[in-house]
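The exercises that follow concern the way parts of a protein meet, first within one chain and then between chains. Please read each task with the sequence and the structure in view, and try it before turning to the solution.

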Amino acid sequence: MKIRLLSAVTAALLIVFSAGSLQAEQKEAYHIGGVFSITGSAAWLGEPERNTVKMIAEEINAKGGINGHKLVLHIEDTQGSNTRAVNAVRKLIKKDKVCAIIGPSRSGTSLATVPVVEKAEIPMLSCAAAASIVNPPEERRWVFKMGQNDSDAVRRIYEHMKKNGIKKIGILTGTTGFGDAGRSQLKELADKYGIEIVADETYGPGDTDMTAQLIRIRKTDAKAVVNWSIVPAQSIVPKNMKQLNMQILLYQSHGFANHKYAEAAGKAAEGSIFPSGRIMATETVPEDHPQKKVLEAYKKAYESTYNEKVTTFGGHAYDAIWIIAKALEKVGDDDPEKIRNAIENMEFVGISGIFNFSKDDHCGLDKDDFEMITIKDGKFVVLGQ
Amino acid sequence: MPLKDYIGFCILIALVLLMPHLVANDYYLGVLVFTAFNCLACIGLCLLMGYAGQISLGHGAFIAIGAYSSGVLTTMLDWSPWTAMAAGALASMAIAFAVGIPTLRLKGHYLAMATLGFASIIHIIAVAATEITGGPAGLLDIPRLGLFGYSLDSDVSYYYFAWFAVVAGLYFAFNLVHSRVGRGLRAIHGSEDAASAVGINTNIYKIQVFALSAVYASVSGSLYAYYVNYIDPGPFDVMHSIVLVTMVAVGGLRHLWGALIGAVLLSLLPELLSMAAAPLKVIGIAYKPDYDILVYGGILLLIMMFLPEGLFAGLASASKSGTAFLMKLIKGGSIVRQ
């Protein structure tokens, strides 16, 4: 009896050890962190981002990984809160020993985590938009940004207004990091395009009615309204405008470029105009456009895997994980410094545009990576130039 | 201070010194630093709630005042972090007097209402006064705290510093509680009429302890700002004030140790739950952070139902009856032997 037990234990140990030695022969995995606001008020951002990085990591691993190294993802949820984001990033760096971080989803959480990654010297590819995430570049050595610049979105909107003879506008911005950054860009660039802001209103991310602000805009001679926010509250603005029977044009930010927001606004969003990455109107991108193939591949893969529509936010995560993967492939190991340098010198055709990183530009996108889009019969359609 | 509390201090200090050797990595140390901030705010809140019998639903606002004073004065006016922290504490004290003097003269829970409104106002100012507070985009590049020319750069050094602040704050609070003022406060909690009948100036006592608890909150906010190096209005909303009240209530209103235990427990709970998620997954339950709030609610409900005096009082009475039972057993045993 005792001997049988002993031999069983020896056999088990042998199996364990041999499995261990087998694993040792395989190349060490690369650990990548993801910090997204998967739950909470910005869940519509974080969820597609998490889904996307999972999907791409599986795709890469199924093809044998990067130079034979598998990717291991460590995903954390910030719930949109700064303290949680800081903790999550520290956890990824100190506990999971990741070589690069994707996220966070929001401007506020990204800014809160900048000092952490700068000190730990781990590259972080934020999926948010605010320009201050990567500026000033000398203090943001380790931070890159996948979201298009707010200033470029504002430029596209103002160009469209100029072409359509709109000179006086009312702006309505959300009191979040994203909304506030948009507000300051709208105010800063207005003069350059000969546009006058005659009303400047704000709303909170939890607000459920913007009638009061819209009435104040209606009292002025504004010829268009710009609605700038990233959270679901923004979908109430088109509805309120319809209820108030306001006929003037509604412009929205690239933060509106999500089918869920458009669905929430329903019929009221018809005809509103906003800048967006090309992923939201993949079908209407010309065949010879360099992004066309990437866009179609991502859209098809995402929609068939998760049975829901692609978003620009998921696109940011797609760009981030591929940029990291390309950097890992190029440098051949997971040294954060080498990865950072590889990203800084990279050119990458992605979902949000054609990235051209440099020492002074850790965003790498410009205003041509936006298209002006309108909603027609519930569909996103690219406006003609 | 009774001997029991000295023993408590020894245990606390021993735990604080031991923790960095027990926890596996800096990440958990960081969690413990945030725990220390909550402890500091809860000690102050406990003085107000447990000893003076007043509820403040606006302590998040005093944390915000501390954090923003530190953030604004250091980044925009280049003040030293220490003077900025002191200025924040003074500002909090002044505001506490301004809010407390009219409301604390009234009997009943007027302070709770006033502070709830006050917390909303401070949050709105933090969001809307973009030129000063940075608005929703927040304040960047807040400096680290330095001590004797040595920057508290590492997690370990900030951990020791933050918990030193907790121990010092707790020691001060204990001394206050066991002084004439503390006895006066207890009398107010028991019966305000009786207290004023024996010659306690109840108004002044209540206002002073409210201002003191505001200073505790403000210092904890400043320490938060220096640790994270970035602040925005997010963490200082009304919900945070309510979480603080919950921490004190869960641990036990009537005792400072209770507030400390409540703060530690509820600060660590999200971590414990996320740790529990892995074994739960093995048995087929997918635990999501969404459920945290349900667990909080459940814990609060259970404690209010079965331990209305809080965890600390509950544990104390349990240990007392346990010892009594043991004594009985020993006695009974010795009788049988005889």
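**Exercise 1.** In this predicted model, state how far apart the C-alpha centres of domain 1 of chain A and domain 2 of chain A lie, and describe the side of domain 1 that touches domain 2.

*Solution.* Begin with the separation: the C-alpha centres of domain 1 and domain 2 of chain A are 28 Å apart. Next, locate the domains in the sequence, where the domain assignment gives residues 30-148 together with 291-369 as domain 1, and residues 151-276 as domain 2. Then turn to the contact, in which 17 residues of domain 1 meet 18 residues of domain 2, two residues being counted when their C-beta atoms, placed from the backbone, lie within 7 Å. On the side of domain 1, the elements that contribute two or more residues are α4 (107-120) and α11 (312-331) of chain A, and α4(A) provides the largest share, three residues. Finally, sorting that side of domain 1 by class yields seven nonpolar, six polar and four charged residues.

**Exercise 2.** Work out which elements of chain A each supply at least two residues to the side that touches chain B, and how that side divides by class.

*Solution.* Start from the extent of the contact, which takes 25 residues from chain A and 21 residues from chain B. On the side of chain A, at least two residues each come from α3 (82-94), α4 and α6 (177-190), with α3(A) giving the most, seven residues. To complete the exercise, divide the side of chain A that touches chain B by class, which gives six nonpolar, 13 polar and six charged residues.

Note on methods: Residues numbered from 1 in each chain as written. Chains lettered and ligands numbered in written order. Predicted model: local features only at pLDDT ≥ 70, side-chain atom pairs only at ≥ 80, totals over all residues. Domains from an automatic or database assignment. Helix = DSSP H or I, 4+ residues; strand = E, 2+ residues; numbered from the N terminus. Nonpolar A, V, L, I, M, F, W, Y, C, P; charged D, E, K, R; others polar.
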